[in-house]
Amino acid sequence: MFMSRLMLAITFLFSSTWLLWTAQAQTAKTPPDQLVFKAKMGDVKYDHKGHVKHAKGDCKACHDKLFPQSATAPLNFKAAMHKTAEAAKSSCAACHVAGGAAFASKGNCTKCHVKKAG
Ligand code: HEC
Ligand code: HEC
Ligand code: HEC
């Protein structure tokens, strides 16, 4: 009788720590170093690590208000050659816009789109 109660207590302790741990893992995912966004114009190598530095380590500058923490979610940046996002100051154009924190699309296509050699 005592043994089974002890076992129950131990099981409870272990499962609650496990639940806490998984809940934590869900809110603090490991950030990627680099992501690649495919584009016919030339793929865009996105320096995620560099951008975390630009944002002084503040994940909330982008997550989740601009992007979900998922490399497969749509960026919603490409419409009308970035003019739609620039007008709304959304997606990458929250910063990459005239008068924003970083260079705008206009005249800077090749800063992001890199054609493969050959
Ligand atoms: C700040 C980085 C950045 C700049 C600057 C930029 N682009 Fe892009 N572009 C992207 C990204 C990222 C995507 C993929 C977006 C998406 O999936 O919503 C993309 C997608 C596109 C697409 C979608 C079609 C395709 O598959 O290639 C076109 C067209 C395009 N860009 C044209 C341009 C042109 C023209 C310029 C310069 C006037 C430009 N881009 C400047 C980052 C950029
Ligand atoms: C300047 C903007 C920016 C900042 C700041 C930023 N991220 Fe991201 N993050 C992105 C973008 C863009 C994506 C890709 C979103 C998409 O493809 O729709 C991404 C994707 C991710 C992913 C998904 C990776 C995968 O392989 O699916 C994780 C995890 C992530 N970020 C974690 C973080 C953490 C943790 C921080 C803070 C230390 C952070 N990010 C700061 C822009 C940012
Ligand atoms: C929270 C603001 C912010 C967002 C959102 C953001 N960037 Fe940037 N980005 C910057 C800053 C700041 C720089 C460095 C200053 C500059 O070069 O104008 C930069 C620089 C870059 C560079 C030049 C290389 C480098 O890392 O310094 C590329 C390429 C780039 N960004 C692509 C993107 C793409 C693609 C997206 C969307 C997926 C994006 N950025 C979203 C702030 C941002």
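**Two iron sites and their histidines**

Author: In this predicted model, His48 (NE2) and His63 (NE2) coordinate the iron atom of ligand 2, at 2.0 Å.

Reader: What makes the arrangement around the iron atom of ligand 2 octahedral?

Author: Six donors count as octahedral if opposite donors are over 155 degrees apart and all others between 65 and 115. Around the iron atom of ligand 2, the six donor atoms subtend angles of 86 to 179°, which makes the arrangement octahedral. For comparison, the ideal angles for six octahedral donors are 90 or 180 degrees.

Reader: Why is His48 called buried?

Author: Buried means under 20% relative accessible area. His48 has 12%, so the word buried applies to His48.

Reader: And why does His51 count as partly exposed?

Author: Good one to try! Partly exposed lies between the limits of under 20% for buried and over 50% for exposed. His51 has 28% relative accessibility, so His51 counts as partly exposed. His96, at 15%, counts as buried.

Reader: Which iron atom do His51 and His96 coordinate?

Author: Both bind the iron atom of ligand 3 through NE2, at 2.0 Å. The site there is octahedral too, with angles of 86 to 180° among its six donor atoms.

Reader: How do you know that His48 makes a polar contact with ligand 2?

Author: A polar contact is a pair of N or O atoms within 3.5 Å. A polar side-chain atom of His48 lies 2.8 Å from a nitrogen atom of ligand 2. An oxygen atom of ligand 2 is also 2.8 Å from a polar backbone atom of Ala71.

How values were computed:
Residues numbered from 1 in each chain as written. Chains lettered and ligands numbered in written order. Predicted model: local features only at pLDDT ≥ 70, side-chain atom pairs only at ≥ 80, totals over all residues. Heavy atoms only, no water. Donors = N, O, S within 2.8 Å, 3.2 Å for Na, K, Ca; no water. Tetrahedral: all angles 85-135°; square planar, octahedral: opposite > 155°, others 65-115°. Buried < 20%, exposed > 50% of the residue type's maximum accessible area, 1.4 Å probe, protein only. Polar contact = N/O pair within 3.5 Å; in protein donor to acceptor, adjacent residues only side chain to side chain.
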